[in-house]
Amino acid sequence: MRVVSLGSGSSGNALLIQHNGTNLLLDAGLSHRDLRVRLASFGVGDHDLTAILISHEHHDHIRGLAQFLRYQSCQVLATAGTLHALDPGPGFPCVRLVPGQAVEVGTLTIVPIAVSHDALEPVGFVLSDGLATAAIFTDLGTVDRAVYDALHAAQLVVLEANYDRELLVRGSYPWPLKRRILSSQGHLSNDECAATLARLDLSPVREIWLAHLSAENNTPRHALHAVQTALGGSDHRLAIRALPRCGAPVSWDSSTADSKARQIRLF
Ligand SMILES: [Zn+2]
Ligand SMILES: [Zn+2]
């Protein structure tokens, strides 16, 4: 399984997940032009997507969706609440996801997990190819038991580190917006992200991506420092990256990253 971040943050979120001919797009928050260019660079042309997963209806996750669907004939998978908010109208190629219930898409198994965020029915996702698992959670105000459990078996953990608390509180955002971001239905801070990771058994984890960093209230340095401090920096096998908002895509390939773990499982 290959996971590629095509963009992360309030300016637009999208990930590509590939495995044995299955091509999934998780969120379509970039412009349709950027999505097509970026997907093409990974060999995914028009009409090559197997499905599009949408985590929730906020603009930074669906910006390019409507126009993008002119170039892809695949179905859109989202919860009933998200589909309702998208208001797609008749003929929209959608499949309704139920949080906690696995679905098979191509060669991948996908489990949507409910998250606490100020959208109608937002979810994060656990994706598995039978050997490797990726857990992808952004846009959540708190980490509850279900999310924590979902992070447990993953080799790739993508977790939101939206803001540095001090930068947010001292920053220029109006107070109602600050209160929304800080709330349990807002976004995860660097410290909350770090505390969650510090509680995890990291032995199966090969790579951690810190995602959805705020342009105004965070920096990659702040996010990485918080997490590396919490984890103690002892495991040299564990790569930790702060995802860029745009720029060059970041990718993870389970076949190279986890070859050692595969051998242990196979023999
Ligand atoms: Zn978002
Ligand atoms: Zn959101």
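In this predicted model, two zinc ions, ligand 1 and ligand 2, lie 3.6 Å apart, and Asp139 coordinates both. The zinc ion (ligand 1) has four donors: Asp60 (OD), His61 (NE2), Asp139 (OD) and His212 (NE2). They lie at 2.1 to 2.2 Å. Along the chain, these donors follow the spacing D-H-x77-D-x72-H. Both Asp60 and His61 are buried. The angles subtended by the four donor atoms run from 90 to 164°, which makes the arrangement around the zinc ion (ligand 1) irregular. For reference, the ideal angle for four tetrahedral donors at a metal is 109.5 degrees.

The zinc ion (ligand 2) takes its protein donors from His56 (NE2), His58 (ND1), His117 (NE2) and Asp139 (OD). These lie 2.2 to 2.4 Å from the ion. Their spacing along the chain is H-x1-H-x58-H-x21-D. The site of the zinc ion (ligand 2) is irregular, with angles of 91 to 169° among its four donor atoms. Two of its donors, His56 and Asp139, link distant parts of the chain, 83 residues apart. His56 sits in the loop between strand S4 (51-53) and helix H2 (59-62). Asp139 sits in the loop between strand S10 (133-137) and H5. Both His56 and Asp139 are buried.

The backbone of the bridging residue also deserves a look. Phi of Asp139 is near 60°, a positive value in a residue other than glycine. Most residues other than glycine have a negative phi. Asp139 counts as buried because its relative accessible area is 1%. Asn20 also has a positive phi, near 45°, and is likewise a residue other than glycine. Asn20 belongs to the loop between strand S2 (14-19) and S3. Is Asn20 buried or exposed? With a relative accessible area of 68%, Asn20 is exposed.

Strand S3 (residues 22-26) contains Leu24. Leu24 has 0% relative accessibility, so this residue counts as buried. Beyond four places in sequence, Leu24 touches residues including Leu15, Leu16 and Ile17. Among its other contacts are Leu49, Thr50, Ala51 and Leu53. Val105, Leu108, Ile110 and Leu127 are also touched by Leu24. Arg96 is 72 residues from Leu24 along the chain, and the C-alpha atoms of the two are separated by 16 Å.

Strand S9 (residues 123-128) holds Ser128, and Val126 is found in S9 too. Val126 has 13% relative accessibility and therefore counts as buried. Apart from neighbours within four places in sequence, Val126 is in contact with Thr109, Ile110, Val111 and Ile113, among others. Its contacts also include Thr133, Ala134, Ala135, Phe137 and Ala150. From Val126 to Leu168 there are 42 residues in sequence and 30 Å in space, C-alpha to C-alpha.

Ser128 has 19% relative accessibility. The cut-off for buried is under 20%, so Ser128 counts as buried. With residues up to four places away in sequence left out, Ser128 touches Thr107, Leu108, Thr109 and Thr133. A polar atom of the Ser128 side chain lies 3.1 Å from the backbone nitrogen of Gly130.

Helix H8 (residues 190-199) comes next. Which residues of H8 are buried? They are Asn190, Cys193, Ala194, Thr196 and Leu197. Seen down the axis of H8, these buried residues fall within an arc of 160°, so they line one face of the helix. On the other side of H8, Asp191 and Arg199 are exposed. The buried residues of H8 pack against two helices, H5 (145-151) and H9 (220-231). They also pack against strands S11 (156-160) and S12 (207-211). Within H8, Cys193 counts as buried because its relative accessibility is 0%.

The cysteines remain to be described. A disulfide is a covalent bond between the sulfur atoms of two cysteines. How many disulfides does the model contain? The count comes to zero. Cys74 serves as an example: its sulfur is 12 Å from the closest cysteine sulfur, in Cys94, which is too far for a bond. The cut-off for a disulfide is a pair of cysteine sulfur atoms within 2.5 Å. Cys74 has 5% relative accessibility and so counts as buried.

Note on methods:
Residues are numbered from 1 along each chain as its sequence is written. Chains are lettered from A and ligands numbered from 1 in the order in which they are written. This is a predicted model: local features need pLDDT of at least 70, side-chain atom pairs count only at pLDDT 80 or more; totals for chains, interfaces and linings use all residues. Side-chain values use heavy atoms; hydrogens and water are left out. Buried means under 20% relative accessible area, exposed over 50%, partly exposed in between (1.4 Å probe, protein chains only). Helices (H or I, at least four residues) and strands (E, at least two) are DSSP runs, numbered from the N terminus. The arc is that of the directions from the helix axis to the C-beta atoms. Contact means heavy atoms within 4.5 Å. A polar contact is a pair of N or O atoms within 3.5 Å; within protein, one must be able to donate a hydrogen and the other to accept it, and residues adjacent in sequence count only if both atoms are side-chain atoms. Donors are N, O and S atoms within 2.8 Å of the metal (3.2 Å for Na, K and Ca); water is not among the atoms, so sites may look incomplete. Four donors count as tetrahedral if all angles lie between 85 and 135 degrees; four count as square planar and six as octahedral if opposite donors are over 155 degrees apart and all others between 65 and 115; anything else is irregular.
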